Amino acid sequence: MKILVTGGAGFIGSNFVYYMLDRYPDDQIVCLDKLTYAGNLSTLESAMRDPRFRFVRGDIADVQAVDALFASERPDAVVNFAAESHVDRSIEDPQIFLVTNILGTQVLMDACRKYGNIRYHQVSTDEVYGDLPLDRPDLMFTETTPIHTSSPYSSSKAGADLLVQAYYRTYGLPITISRCSNNYGPYHFPEKLIPLMISRALADESLPVYGDGKNVRDWLYVEDHCDAIDRILRHGRIGEVYNVGGHNEMSNIDIVKLILRRLGKPESLITYVKDRKGHDLRYAIDPTKIHAELGWLPKTTFADGIVKTIDWYLDNRKWWQDIVSGEYRKDYQRLYAQK
Ligand code: NAD
Ligand code: TDX
């Protein structure tokens, strides 16, 4: 199978590229990525030495570029990770979120229709369901929970999901959608909570906790998300949505304190700052459907995953220090010039 992975130079997409190359020796992967600030080609350095992998720089919302890529590569399947993914940035400047996340999805699906009704998987998020109250631990998101978004980011992801379902109903495009909870693990861009707190704590900088730090997220190790997408791509029912999450709810402040303990840094680094606008209180996924239909269960506990993640950031300082300093932007010239 030849899979077009969009957004493969980002956090989850790159983990997915490595997950698939490791497990499927006969598969080929083409990665389409615009290399926005969130894309880092050095993450794909070893994949680029693999003859089964090809990197193409391009925008999923660019009709001509996407058409040319489909014409030359003729993929069997598309997994769309490409997105503007940071809630805070969407609050500052929403427009690019609508262009990439909604129009980009439309452009990819139109190419899938044109080149033979290609299998399409949309990587979505639990944020499309809005949030849950902190005092109702019995409530969780199921696939039938109504869409009810809070931020421009989640609204753009929800808009894309609706379009994906419309392409199934209207054109019979063979689609699936996964809605996963918060991921953590290697190659996570240090603007998001866990890598930001690790990198700032290591530099003895203040750790900005929004509001009272009691907001809850449901954390999943990134490899478990890759496993879920792989199962959905190969065995999922066409037209269906699958929630992905591992029942691991943690408050932000508990995560920050855990990171500090592990790094041997003082809690005095914690600084409570102004809350995020429209800040979602709690996310919690009910993964019953993907477990029952596809046998998926998370393999990594949070206790193991967070230690592996912190150790990865300790062992790969250059990766995130180059991002913090801006040096990583030069990797495109260095790595891509060889192709
Ligand atoms: P990321 O920001 O780390 O990576 C996004 C990648 O997409 C980058 O490599 C970027 O260069 C690329 N990109 C952005 N705009 C593009 C465009 N117009 N054309 C081509 N490439 C473009 O994001 P992530 O955290 O890896 O998230 C990947 C996907 O998973 C997103 O769709 C996100 O909504 C979804 N998701 C993320 C999480 C999470 O916890 N991080 C949870 C659930 C779902
Ligand atoms: O500096 C910070 N301080 C802080 O308290 C940052 C960056 C975050 N936070 C809080 C806000 C959230 O309650 O931590 C929590 C997690 O924040 P993010 O890492 O920005 O993630 P979140 O907003 O939950 O969204 C993530 O999960 C769902 C991803 O970024 C999305 O792409 C995904 O869809």
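**Exercise 1.** Identify the residue whose polar backbone atom lies 3.0 Å from an oxygen atom of ligand 1, and then describe the surroundings of ligand 1 by nearest residues, covered area and class.

*Solution.* Step 1: the residue is Phe11, whose polar backbone atom is 3.0 Å from an oxygen atom of ligand 1. This is a predicted model, in which local features need pLDDT of at least 70 and side-chain atom pairs count only at pLDDT 80 or more, whereas totals for chains, interfaces and linings use all residues; side-chain values use heavy atoms, with hydrogens and water left out. Residues are numbered from 1 along each chain as its sequence is written, and chains are lettered from A and ligands numbered from 1 in the order in which they are written.

Step 2: a nitrogen atom of ligand 1 lies 3.0 Å from a polar backbone atom of Ile60, and an oxygen atom of ligand 1 is 2.6 Å from an N or O atom in the side chain of Tyr153; a polar contact with a ligand is a pair of N or O atoms within 3.5 Å. On its own, ligand 1 has 850 Å² of accessible area, of which the protein covers 97% (Shrake-Rupley method, 1.4 Å probe).

Step 3: α1 (11–23), β5 and α5 (152–171) are the elements that give two or more residues to the shell, helices being DSSP runs of H or I with at least four residues and strands runs of E with at least two, numbered from the N terminus. The most comes from β5, with three residues. Around ligand 1 there are 28 residues, of which Ile12, Asp33, Ser85, Tyr153 and Lys157 come nearest, a residue being near if one of its heavy atoms lies within 4 Å. By class they divide into twelve nonpolar, twelve polar and four charged, where Asp, Glu, Lys and Arg count as charged, Ala, Val, Leu, Ile, Met, Phe, Trp, Tyr, Cys and Pro as nonpolar, and the others, Gly among them, as polar.

**Exercise 2.** Work out which residues are closest to ligand 2 and how much of its area the protein buries.

*Solution.* Step 1: of the 21 residues that surround ligand 2, Thr125, Glu127, Tyr153, Arg276 and His279 are the closest. Step 2: oxygen atoms of ligand 2 lie 2.7 Å from a side-chain N or O atom of Arg217 and 2.8 Å from one of Asn252, while a nitrogen atom is 2.8 Å from a polar backbone atom of Pro208. Step 3: the protein buries 93% of the 650 Å² that ligand 2 exposes when taken alone.

**Exercise 3.** Give the strand order of the open seven-stranded sheet and explain why β3 and β11 each have a side without a neighbour.

*Solution.* Step 1: the order is β3-β2-β1-β4-β5-β6-β11, with parallel pairing, and two strands pair if DSSP finds at least two bridges between them. Step 2: β3 (53–57) and β11 (241–244) stand at the edges with a single partner strand each, so one side of each has no neighbour in the sheet. Step 3: β2 (residues 28–33) pairs with β3 over five bridges in the parallel sense, and Arg57 in β3 is the bridge partner of Asp33.

**Exercise 4.** Locate Tyr187 and give the sign of its phi.

*Solution.* Step 1: Tyr187 lies in the loop between β7 (183–184) and α6. Step 2: its phi is near 65°, a positive value in a residue other than glycine. Most residues other than glycine have a negative phi.

Definitions and conventions: Polar contact = N/O pair within 3.5 Å; in protein donor to acceptor, adjacent residues only side chain to side chain.
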